[in-house]
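Take a moment to turn the model around on your screen before reading on. We'll begin with a bit of vocabulary and then walk through the fold.

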Amino acid sequence: MLKYDKKLRISKPAELSHLFKCGLRVGDGRILLIGLPTKGETRGAVAISVRHGNSVQRNRLKRLAREAFRLERLGLPANFDFVISPRVGTDADLDGFRESLTKLAPRLAEKTAKRKRSRNLGQDN
């Protein structure tokens, strides 16, 4: 059974701030995925706005997003930190979150690789 241990969570405010400030973003109709490569394991966090509704609705979204991350973590690109932020007003279900994660995470990794290549080309000049 896959667990969502504390070591797989991004919990330090400084780490989250860094992700929001420097992370690359990709999204679809359901979620916005923010990510940066790291040296450690693939970790995740969930960011929910108060615009999603009352605490019951927000907590349900957090549970679904964390569960989708837990189930899909091994299929996600390795050595990344991700922040999952559900879009306001979308239908929230586990299958939809899982589908979005598996579609967006490789796009984010590709976008990161392109950014790294372009920076390396700029340094060669």
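A polar contact here is a pair of N or O atoms within 3.5 Å, where one must be able to donate a hydrogen and the other to accept it. Keep that in mind as you look at this predicted model, because we'll need that cut-off for one particular threonine.

Let's start with the sheet. It's an open one with four strands in the order S1-S2-S4-S3, and the pairing is mixed. Strand S1 (24–27) and S3 sit at the edges, each with a single partner strand, so one side of each has no neighbour in the sheet. Neighbouring strands are turned against each other by 20 degrees on average, ignoring direction.

Now for the pairs. S1 and S2 run antiparallel and are joined by four bridges; Val-26, for instance, stands opposite Leu-33 in S2. Helix H1 (residues 13–22) packs on this sheet and touches S1, S2, S3 and S4, with its direction at about 105 degrees to that of S2. H2 packs on the sheet too, touching S3 and S4, and its direction makes about 165 degrees with that of S3.

Over at the other pair, strand S3 (residues 43–46) and strand S4 (residues 80–86) run parallel, again with four bridges between them. Val-46 has Ile-84 in S4 as its bridge partner. How does the chain get from S3 to S4? It crosses through helix H2 (residues 55–72), and this β-α-β crossover is left-handed.

Time to zoom in on Thr-42, which is found in the loop between strand S2 (31–37) and S3. Is Thr-42 buried or exposed? Its relative accessibility is 6%, so Thr-42 counts as buried. Leaving out residues up to four places away in sequence, Thr-42 touches Leu-8, Phe-69, Arg-73, Pro-77, Ala-78, Asn-79, Phe-80 and Phe-82.

Two of these neighbours deserve a closer look. The side chain of Thr-42 reaches the backbone oxygen of Pro-77 at 3.0 Å. A polar atom of that Thr-42 side chain also lies 3.2 Å from the backbone nitrogen of Asn-79. Both pairs fit our cut-off, because a polar contact needs its N or O atoms within 3.5 Å.

Asn-79 itself is found in the loop between H2 and S4. With a relative accessible area of 36%, Asn-79 is partly exposed. Most residues other than glycine have a negative phi. Asn-79 isn't a glycine, yet its phi is positive, at about 60 degrees.

Methods:
Residues numbered from 1 in each chain as written. Predicted model: local features only at pLDDT ≥ 70, side-chain atom pairs only at ≥ 80, totals over all residues. Heavy atoms only, no water. Pairing = 2+ DSSP bridges. Helix = DSSP H or I, 4+ residues; strand = E, 2+ residues; numbered from the N terminus. Right-handed = clockwise from strand over helix to strand, strands pointing away. Buried < 20%, exposed > 50% of the residue type's maximum accessible area, 1.4 Å probe, protein only. Contact = heavy atoms within 4.5 Å. Axes fitted to C-alpha atoms, helices over the stretch in contact; angles between N-to-C directions.
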